[in-house]
Amino acid sequence: ERPPWGASKRAKQALRFDASHMKLPREEMLAALRRATALGPLFVGVFANQEPAEVKRLAEESGMDMIQLSGHEGWKDLSFYEPFAVINAEHVSPDSNAEGLLGGVGGEAEAILMLDTKHPLMEGGCGQTFDWGVAAACQAARPMFVAGGVG
């Protein structure tokens with residue numbers, strides 16, 4: 001029987017992307033992700049522009065597996081969220097390019113990079129696309145993924 005999410009230390013350990021774990025070769029890291037996700041769906045809390053202490057408190061109390069930062073939190077001091085793996089959104093505007101986006105983000109050891117469409121009023125979920133060439137160029141430089149809805 002699978003333990004409830006948040007109680008699975010094995011899943012959380014497999015998904016820690018801090019500096020001590022990111023020294024693994026890419027193939028080993030991908031294998032660790034596959035093992036962790038084979039346990040079942042992950043409980044990811046999505047936050048935008050909330051106080052870090054509140055985000056971490058909510059993640060701990062609710063048993064989240066990962067934290068997604070979808071606002072303008074930036075890449076400073078993401079180690080604060082340990083032991084949670086962090087997905088950090090970068091907002092892509094029509095004039096964005098891969099060099100500019102990647103120049104402003106931290107390393108792979110700090111968080112998983114997610115690209116999302118920049119919108120003047122919303123922090124995501126706007127249903128608008130951006131130039132996928134930018135995403136392809138970013139992915140050529142580092143592991144990342146693109147936000148996408150189900151609607």
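Buried means under 20% relative accessible area, exposed means over 50%, and partly exposed lies in between. The exercises below use these classes on a predicted model.

**Exercise 1. Classify Arg-57, Glu-54 and Glu-61 by relative accessible area, using the cut-offs above.**

Step 1. Arg-57 has a relative accessible area of 32%, so this residue is partly exposed.

Step 2. Glu-54 has a relative accessible area of 32%, which also makes Glu-54 partly exposed.

Step 3. Glu-61 reaches 60% relative accessibility and therefore counts as exposed.

**Exercise 2. Find the salt bridges of the structure and give the closest N and O distance of each.**

Step 1. The criterion is a side-chain nitrogen of Lys or Arg within 4 Å of a carboxyl oxygen of Asp or Glu.

Step 2. Searching the whole structure yields 2 salt bridges.

Step 3. One joins Glu-54 to Arg-57, and their closest N and O atoms are 2.8 Å apart.

Step 4. Another joins Glu-61 to Arg-57, with 2.7 Å between the closest N and O atoms. The side chains of Glu-61 and Arg-57 also make a polar contact, at 2.7 Å.

Step 5. Through salt bridges that share partners, Glu-54, Arg-57 and Glu-61 form one network.

**Exercise 3. Explain how the sequence spacing of the paired residues relates to helix H3.**

Step 1. Helix H3 covers residues 52-62, and Glu-61 has its place in this helix.

Step 2. Glu-54 and Arg-57 are 3 residues apart in helix H3, so about one helical turn separates them.

Step 3. Glu-61 and Arg-57 are 4 residues apart in helix H3, which again means a separation of about one helical turn.

**Exercise 4. Describe the secondary structure of the protein and the order of its elements.**

Step 1. The protein has 5 helices and 5 strands.

Step 2. Read from the N terminus, the order of the elements is α-α-β-α-β-β-α-β-α-β.

**Exercise 5. Summarise burial, contacts and accessible surface for the protein.**

Step 1. The protein has 151 residues, and 40% of them count as buried.

Step 2. Take the contacts between residues at least 6 apart in sequence: 57% of these join residues at least 24 apart.

Step 3. The accessible surface is about 8,800 Å². Carbon and sulfur atoms account for 55% of this surface.

Notes: Residues are numbered from 1 along each chain as its sequence is written. This is a predicted model: local features need pLDDT of at least 70, side-chain atom pairs count only at pLDDT 80 or more; totals for chains, interfaces and linings use all residues. Side-chain values use heavy atoms; hydrogens and water are left out. Helices (H or I, at least four residues) and strands (E, at least two) are DSSP runs, numbered from the N terminus. Buried means under 20% relative accessible area, exposed over 50%, partly exposed in between (1.4 Å probe, protein chains only). Contact means heavy atoms within 4.5 Å. Accessible areas come from the Shrake-Rupley method with a 1.4 Å probe; for residues, only the protein chains shown count as cover. A polar contact is a pair of N or O atoms within 3.5 Å; within protein, one must be able to donate a hydrogen and the other to accept it, and residues adjacent in sequence count only if both atoms are side-chain atoms.
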